[in-house]
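Q: Could we go through this structure together? I am new to it and would like to start with the cysteines.

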Amino acid sequence: MNFLDRIRQFMTKQSAVTRAIVLLWDGNPVWTPRNFGDLAKEGFEANVTVYACVMEIARSAAGIPWLLYRKGRGKRQIEIEEHPLLTLLRRPNPWQGQSAFFEAATAFLMLSGNSYIERVGPQRGLPRELYTLRPDRVKVLPDIKNMIAGYRYEVGGQKQDFERETVLHMKLFSALDDWYGLSPIAVAGRTVDSDNEALKWNYALLKNSARPPGGLSTAGNLTSDQFDKLKRQIEEKFVGPDNAGRPLLLEAGLDWKSFAISPADMDWLEGRKMSRIEICNVFQVPPELIGIQDQKTYSNYQEARKAFYTETVLPLMDRLRDDLNNWLVPVFGDNMTLEYDKDEIEALQEDRGKVWTRVQNANWLTVNEKRAATGYEEVDGGDVVLVPATLVPLQGAIQLPQGDPNLANPQNATY
C-alpha cells in the first residue's frame, strides 16, 4: 500500500484539518526546524541576560510544591497526602529530585519552545520513573490517523522510538509550525546576536584601555625594513595585557598621536541596555529581578516579584498542571487531580491574605464555601452560615416572634 492509498484509507476518520496537514507529510520523521545547539550556545551559554531570564523562570517554577486531590461527594475535593504519584514526583528518577527535574523540564521549554518528559514502567503497571529528554534529540513521528504516532530519540547514531502515550510533549505556541513550539530565543535572535557582538566589542575595547591606542607619524617615509622592524617591536613589546602601560621609546622623528572615542561613538552602551530590556520582554521577566536596576519597570522589588509570578510563572504552571493531569494522573486512577500550591509562593502571600480577609467577611457564605474559596477541603458539618457576632449556626439563632413590642427597641429585649 503506497502513501496515497494510506491517506484514502483514513479519509473518513479524520478531521479536515488533520487531512490537510498530513497531506504535506512525506512519511519521514518531522525534523526540528531550528538548531537547538545554536540557540543553547549563542543564546543561553553566551548571553548573560538570556541565561538569567531562563533560570529565573525555571527555578521559580521548580520551587512550587504539588498537591494531589481526590474528588469526593458533590464538588468536594479531598487532599491526598501520600500516594505513589506524589512519591514519583518527589523522586522522578535516581539522578534527580523534584526541583531539579522540573527545573530542567521548564528550562528546556524556555530554550527551545519544546519540552519532552518520558515515563518509564511496566506496560501494565504504574510508571516508576520520569525523565526529561533533550529537545534536539527528539523527533516527531507523524501519523495519518492520529496526527502523531510517537517520538524518536536519536543520539550518536542510535535511535529509540517511543509510543505516543509514553512521552509528554509540551510546546509553546507557534503560528507556523504544526509539530513544534516556537523558542523565545528564536524570536529575540537578532537582539541576542546584537547584544553578544556589543559584549565582544566592549571586551576588545577593555583590552585596549577602552579606546584605540593611537598612531605613529613621521615627517618622512620609512623604508620597508624600518616599517617591518617597527611593527614587530610594537607587537612584541606593547601588544597584549601583560604589556599594558609600558612606555614607548620613539626615535628617527617618530611622533605619537593619541586617538579617542567621542561620547556619540559610545552610544552602543545605550543600545546594549535596550537589547537587554527587549530580551526581558520576550521572556516576560521584570529587568530588576535579574539585576538591571537602571531600567526598572516597577516601583519596588516586591511589586516586580509579584507581577513576575502572576504574569509569567503561574501561566506556565497552569500549562504544566493541565498537561500532567491529562497525561500522567489518569494512569494512577480516576477522580484525581494534581494542583500546585499557590499558598507556598511567598511573593503572593500578601494577595492571599487579602483574599482570606474578604472571604472571612463574606457573611453570606457557608464555612465550606469559605474553605473552598481559600483552597482548603470541605469538612463535615461545614454547610452552615455563621452569624458574625457569636459565630453560632444561623439555623440556631434566636427568632423573634412577629408583633413582639421589643422589635422596635431590640436593646430593651430580655431573653
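A: A disulfide is counted here when a pair of cysteine sulfur atoms lies within 2.5 Å. Please keep in mind that the model is predicted.

Q: How many disulfides does that rule give?
A: The count comes to 0 disulfides.

Q: Which cysteine sulfur is closest to that of C53, and why is there no bond?
A: The closest cysteine sulfur belongs to C280. It is 4.0 Å from the sulfur of C53, which is too far for a bond because the cut-off is 2.5 Å. Seen from the other side, C280 is in no disulfide, and its nearest cysteine sulfur is that of C53.

Q: Are these two buried or exposed?
A: C53 is buried, with a relative accessible area of 0%. C280 is buried as well, at 1%.

Q: Moving on to helices: at what angle do α4 and α11 pack?
A: Helix α4, residues 48–62, and helix α11, residues 301–327, pack at an angle of about 75°. Their axes are 10 Å apart. The angle falls between 65 and 115 degrees, so α4 is roughly perpendicular to α11.

Q: Which residues make that contact?
A: From α4 the contact uses E56, I57, S60 and A61. From α11 it uses R305, F308, Y309, T312, V313, L316 and M317.

Q: And how many of them are nonpolar, polar or charged?
A: The residues of this contact of α4 with α11 comprise 7 nonpolar, 2 polar and 2 charged.

Q: Now the strands. What is the order in the open sheet of 3 strands?
A: The order is β5-β6-β7, and the pairing is antiparallel. The edge strands are β5 (138–143) and β7 (158–163), each of which pairs on one side only. From one strand to the next, the twist averages 30°.

Q: How many bridges are there between β5 and β6?
A: β5 and β6, the latter spanning residues 147–155, pair over 6 bridges in the antiparallel sense. D143 stands opposite M147 in β6.

Q: What about β3: how many of its residues are buried?
A: Strand β3 covers residues 114–120, and 6 of its 7 residues are buried, so the strand is mostly covered.

Q: Which strands does β3 pair with?
A: β3 is joined to strand β8 (residues 167–171) by 5 bridges, and the two run antiparallel. In that pairing, S115 stands opposite M170 in β8. β3 also pairs with strand β4 (residues 129–133) over 5 bridges, again in the antiparallel sense. There, R119 stands opposite L130 in β4.

How values were computed
Residues are numbered from 1 along each chain as its sequence is written. This is a predicted model: local features need pLDDT of at least 70, side-chain atom pairs count only at pLDDT 80 or more; totals for chains, interfaces and linings use all residues. Side-chain values use heavy atoms; hydrogens and water are left out. Axes are lines fitted to C-alpha atoms, for helices over the stretch in contact, and angles run from 0 to 180 degrees between N-to-C directions. Helices (H or I, at least four residues) and strands (E, at least two) are DSSP runs, numbered from the N terminus. Angles under 35 degrees count as roughly parallel, over 145 as roughly antiparallel, 65 to 115 as roughly perpendicular and the rest as oblique. Contact means heavy atoms within 4.5 Å. Ala, Val, Leu, Ile, Met, Phe, Trp, Tyr, Cys and Pro count as nonpolar, Asp, Glu, Lys and Arg as charged, and the others, Gly among them, as polar. Two strands pair if DSSP finds at least two bridges between them. Buried means under 20% relative accessible area, exposed over 50%, partly exposed in between (1.4 Å probe, protein chains only).
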